[in-house]
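Open the model in your viewer and keep the selection panel at hand. The stops below say what to select next and what is there.

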Amino acid sequence: MRPESYSLLYLIPLLPLIGAATLTLVGARLPKALVVLVALGGSLGAFAASIASTWVFYRLQETPLEAVLWEWIAVGRYTFDFTLGFDALTSALILVVTGVGFLIHVYSVGYMKEDPGFFRYFAYLNFFIFAMSILALGRSLPVMFIGWEGVGLASYLLIGFWYSDPEKALAGKKAFIVNRIGDFGFLIGIFTLVGLFGTGDFQLLKEAAAGLRDLDEVLKIGIFAGYTPRAVITFACLSLFVGACGKSAQIPLYVWLPDAMAGPTPVSALIHAATMVTAGVYMVVRLNFFFSPSVAPIAMHVIAWVGGLTAIFAASIGLAQNDIKKVLAYSTVSQLGYMFLAAGLGAYSAAVFHLVTHAFFKACLFLGSGAVIHALHGEQDMRRMGGLRRPLPVVFWTFLISTLALAGVAPLAGFFSKDAILARAFDVSRPLWMLGFLGAGLTALYMGRLLGLTFFGSARYNAAHGADVGHGADAAHGHGTAKEIHLHKPDLWMRTPLILLGALAAVAGLLNLPHVFHLEGVAGGHALETQWFDHYLSSVVGAPQVLLDAGIEWLLMGVSVVWAVFWLFAGYAIYRRGPSATLERATRSGPARWAHVVLREKWFVDEVYEYVIVIPVRTMASFFALFIDPFVIDGLFVKGSALGVRSSGRGLSWLQTGNIQSYATVFVVAVAAIILWAV
Amino acid sequence: MPLSDLVFYLFAAMVVVGAAGAAISQNLVYAAFLLLAALFGVAAIFAWLSADYVAITQTIVYVGGILVLFLFAVMLTNRITDARHSNPAVGKRPAALVSLGLFGVLAYVSIETPWKHFDVPAGGETTHLLGQALLSTYVLPFEVLSVLLLAALVGAVVMSRKETPKP
Amino acid sequence: MSVNELLPLLPAGVLVVFGLLLLLYEVFSNQSEQRRYSAHLAVLGFAIALTVVAFQLRDPTASLFLGPGGLASLVVDAFARVAFILLMVAGLVACLLSPGYAKNAGHSLGEYYGLLMFSVAGMMIMVSAADLATFFVGLETMSVAVYALTALRRRDVRSTEAALKYFLMGAFATAFFLFGLALVFGTVGSLHLTHLAEAMSTGTTLLREPLLHVGLLLILVGFAFKVAAFPFHMWAPDAYEGAPTPVTGFMAVAVKTAAFVSLLRLIVVGFDGAMSSQTGGASWTVLLEALSISTILVGNALALTQRSIKRMLAYSSVAHSGYVFIGLTAVAEGEASAGAGILFYLAAYTAMTLGAFGVLAYLERREGGSEAERFGAYAGIGFRHPAASALMALFVVSLAGLPPTGGFFGKLFVFSAALRAGHTGLVLIGVLGSVIGVYYYLRVIVAFYMRDVPEPGPTPSATPSAELGFGLLIAAILVVVLGVVPGPLIELGRAAIASLG
């Protein structure tokens, strides 16, 4: 389908960019109310523009929209236009980004009220919305890469927002470095595809992919002569997936995300849960004509397995964390694993659907945890919470809904999206389904534990507050020393987004009911509309398939609901009285102790990286720094060549006497020489 | 050699000798007068080429104006007539070498050139034609020249006027 | 000729009129309080003229002042209009950078801005001239005004010396240029570019008509002097160092832009593609190649050894001329896209160089004294003047040619056009020069941010002027916009080159 030109698309990134620029330049001098106005205006404007674009898209019978902003680079035979595109997939992502983004802006007004870096915070946040919309709207790989790097920058700035705390600055640095590894892969992938097809435009790439006649015929010309297109595309897909692993925190590059919790909690909600980290999933689905079982089966296997393993692995770590945000962070890693599992199995719309629902309930969970932390003046350790159900009812109820959604309890949003993934896995690969199923149980368990520790039982925060623990707390709120602390209840700014997101977490599942719900006569004599979202996305990812037979599907759903409720209750029951003494004793010896230590220490992955990568690299670096660099590089190459250039510079400067007669002499000699040479 | 050629070479020699003398002479006053000879020779060659207007302008502006100004400047400036300091030439030999070299190159080029021969215009008054051209075809350069002169004037004024103390 | 026909020249006219107004304003306003509006008046003049050009940008080519044979002595085409814009933006930003500085140095402001506007008017004649006589008049208008501008800091010995050197060498170069004109006129019988093109396209060679070619060589030498190409660059560092810093910036960008743009016209129109077809002694492209290689190497090598930032920038601007010559070489080979690349490069160069000199002017004022021009004197500046230093970092990164700045795309367009024309070796030299450039440009950042502050620095001596801040902001925005959205300008450049025919 030829895209329709719709130039107003540029408003979506432009409005938050204006907000960010205004706040950066003059934010320090603006009164707080004006900062709020500019920041909310930027994000709300983007949301409104997204809705308008979606409406236009819908009115045009779902013809993709495009806006060619300018011809960007033209080098040799390659031309890259700065084009924005808008199709069903874009609309799904951009509505989430701008909608959830706006709600989190609202929430932040309350949350960051007292922070001295108020305007700076909103400048970054607006910049993030800008970069993320470029990522989502970019119609070609290079444009997407700009957004990709932009969100990385925003994330880095916001993780290290409280940069005066070295630990937080370090977390920012870690995210930065790990993402560089991913970006390297991403760039290699881009170069490979551009090198093979001569374009980075998704539209043209899709046509080119469709036009490839024989994937296994060895190429005779071009840079990749000697390889088959399939091999090249598989290589490109794997490279791109390395990038996706970095951005979306998959094994083995997930390690930055838990540390990224050092940023302000609303940032964790927006960037490190709802939107940015899903960029990898989006990219894979966007390029589904390459990431497809029929084109690059090996790459797809890798993606599905990495996703599945990440899902269960991260969930297991989440079991033993005491920092409320860390639990949620590992949960995010695990849920992103589900999305990749789905994408790797070719269930693209299931992946995107889970992306959307996850954005709602995980944002709500993070904002809820932020409200809890805010209320407790920066306390993040769940062992020192408890009993918050009564003082914070709004937070509790929204948190509960989102927890049930995440655990996959029907009929909340997460149930439908996770079930779609598991159904597909069950059909394609039983081992992968097993991973997902076990992961779902672990998810329910750690969420039950979180719920029990935080909201039930007795209030433990008064006694323990001000003690030595409390790592990585939101520093802006500081630590009080008083025994009896005054709970800092969320204001209206914070409550409204919680309620809206909670509601979305509850009902978003209706967007994509499984086909088995296609029952006659339920809704006023008509059949329920099922798989609406699958159909909506079909222009991008192909028509939805119905694979399982209804009986098995019902059975699977039933089993997974029972499974989730069971583990949820188990977690709640064990922990609702706080960290239990029995459990403490049980984990003090034997294999249970080991299991506990391994999980608490996150399978020692950071340590393994430290010994396998960081220390050898550092040793090598010091070797280079001590021997190679000063003597060979510095001495021979740098100083040597610098000496060469410098001495030639000096040699030339004797002519530069400052004496005008000598200048004139050089002038005349040069003229004479040139003429003589020419004649 | 026809007489007209003889006249040309005579004036050409006057230009060359005058210019060389102006460059070499150690005394500024001598140099100025030698320059006068060179400029006058150029005016004569213009006249010889039937370019009457240019010849007259050359005489009036350069000989009558600029050179006289030079001489005034030389004479009104203290001690400039003191020969030892007046016009020290540094590196005479390299300078001669370089100049002769360039001359050699250009001379070689002009010898190699197959010259085009134009008939010498029959003479007659050119002032009228020049005036016509300046105010029609070349009116733009002519006008731009006024801006050029103004800029030069302003520059000269700025550089030479007394500095007023800042209020 | 009706007045309407003169409309294409209106921008230049506006500049001259405002220049005169400024002179009168200076005379009739005795209170220094009033004089501070000189800068505003000048900026207003540039803004009006720019608006006029903007409205005329899509107008058809206008041929003015037809001479014998119906040949125009002035052609205002899209090419000339793009050059107008570049030059006037340079003039406008230079005006904005000047006020505080000029006031401090005790200049007479009316003359200062007046001369600046006259020189830009001269440049505009240069870039639209279709015959070399008209061109020469424009060239001299520009030159004389700039000589005077250089000399404005009269009480400063270095400024006077710089002006004298610049003036003497300039006169010297002008003599060669005129001699070249005479030779060309002698062989072609006209100074019009069209006639020159006819003469060149008859298959003339150096061997058959040495005089014509020597004449053209001498004209080229005149250009090489104005753009400070090796070995005619020697005046540049002295003049750049001695001149008032905003004037240095103006000299480094506007004079160079005017010279390069008119050289581009000369090569495309006057040589009519005959540049590469020379047989005999050596071809023109080889000459241009040699000029660019030597200019790049010498400029960079000398910039590397400088201890003063201002001198370093002066030498590096020599190197930048070398990069533009790479583009000219490609143009001479008939690679039209190189022309658009050159226009883009000049635009980026204008913004970043003016910006860098502007920051220097700001720091000189704030820190006091010319001592501050040494690298060492700038230790810790990054923390005392964060905004100015951040801008300096931006300009320096752009000068070094790193993305995402205009400087990067400038180099990219010029180099890629040269590659298309087959000048791989030349591009390699250019890249090598850029690498050396990165080293000495980054030294600025190192000096600003990474050196320990020796002692608590002197307290700022004067408040920054709002105009200066505004000027720097314009330059910074241009640098960034050209680095992010290079498309429109390169399109404009292509249209401009196409209008040359």
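## Where chain B meets chain C

Start by selecting chains B and C: 22 residues of chain B are in contact with 35 residues of chain C. On the chain B side, the elements that give two or more residues are helix 5 (92-112) and helix 7 (139-160) of chain B. Colour helix 7 of chain B, since this helix gives the most to that side, with 14 residues. Then colour the chain B side of the contact by class: 15 residues are nonpolar, 4 are polar and 3 are charged.

Keep in mind that this is a predicted model. The scores for the model are ipTM 0.82 and pTM 0.72.

## Chain B alone

Hide everything but chain B. Chain B holds 7 helices and 0 strands, and along the sequence the pattern reads α-α-α-α-α-α-α. Of the 167 residues in chain B, 16% are buried. Among contacts in chain B with a separation of 6 or more, 59% join residues 24 or more positions apart.

Next, select residues 1-83 of chain B, which form domain 1, and then 125-160, which form domain 2. The centres of domain 1 of chain B and domain 2 of chain B, taken over C-alpha atoms, lie 24 Å apart.

Now select Leu130(B), which sits in helix 6 (residues 127-135) of chain B. Is Leu130(B) buried, exposed or partly exposed? Leu130(B) counts as partly exposed because 16 C-beta neighbours lie inside 10 Å, while a buried residue needs 20 or more. Add Val54(B) to the selection: 76 residues separate Val54(B) from Leu130(B) along the chain, and their C-alpha atoms are 9.5 Å apart.

## Chain C and a nonpolar core

Switch to chain C, which has 21 helices and 2 strands. Here 65% of the 501 residues count as buried. Of the contacts in chain C with a separation of 6 or more, 80% are between residues 24 or more positions apart.

Which residues touch the most other members of the largest nonpolar core? Select Leu87(C) and Leu116(C), which do so in this core of 225 residues. Then select helix 15 (residues 337-367) of chain C, the source of the largest share of this core, 20 residues.

Go back to Leu116(C) and show its surroundings. Apart from neighbours within four places in sequence, Leu116(C) is in contact with Ala42(C), Gly91(C), Ala94(C), Cys95(C), Leu149(C) and Phe250(C).

Before leaving chain C, colour the chain by pLDDT. The mean for chain C is 82, and 88% of its residues reach 70 or more. Among the elements of chain C, the highest mean, 90, belongs to helix 4 (residues 78-97) of chain C, and the lowest, 58, belongs to helix 2 (residues 32-35) of chain C. Where pLDDT is low, predicted coordinates should not be read in detail.

## Last stop: chain A

A second, separate core has 212 residues, and including Ala39(A), Val356(A), Leu537(A) and Val540(A) in a selection will show some of its members.

Finish with the domains of chain A. Select 4-463 together with 486-515 for domain 1, and 605-678 for domain 2. How many Å separate the centres of domain 1 of chain A and domain 2 of chain A? Taken over C-alpha atoms, these centres are 45 Å apart.

Definitions and conventions
Residues are numbered from 1 along each chain as its sequence is written. Chains are lettered from A and ligands numbered from 1 in the order in which they are written. This is a predicted model: local features need pLDDT of at least 70, side-chain atom pairs count only at pLDDT 80 or more; totals for chains, interfaces and linings use all residues. A nonpolar core is a set of buried Ala, Val, Leu, Ile, Met, Phe, Trp, Tyr and Cys residues joined through C-beta atoms within 7 Å. A residue is buried if 20 or more other C-beta atoms lie within 10 Å of its own, exposed if 12 or fewer, and partly exposed in between; C-beta atoms are placed from the backbone. Helices (H or I, at least four residues) and strands (E, at least two) are DSSP runs, numbered from the N terminus. Two residues are in contact if their C-beta atoms, placed from the backbone, lie within 7 Å. Ala, Val, Leu, Ile, Met, Phe, Trp, Tyr, Cys and Pro count as nonpolar, Asp, Glu, Lys and Arg as charged, and the others, Gly among them, as polar. Domain bounds come from an automatic or database domain assignment. pLDDT is the predictor's confidence in each residue, from 0 to 100.
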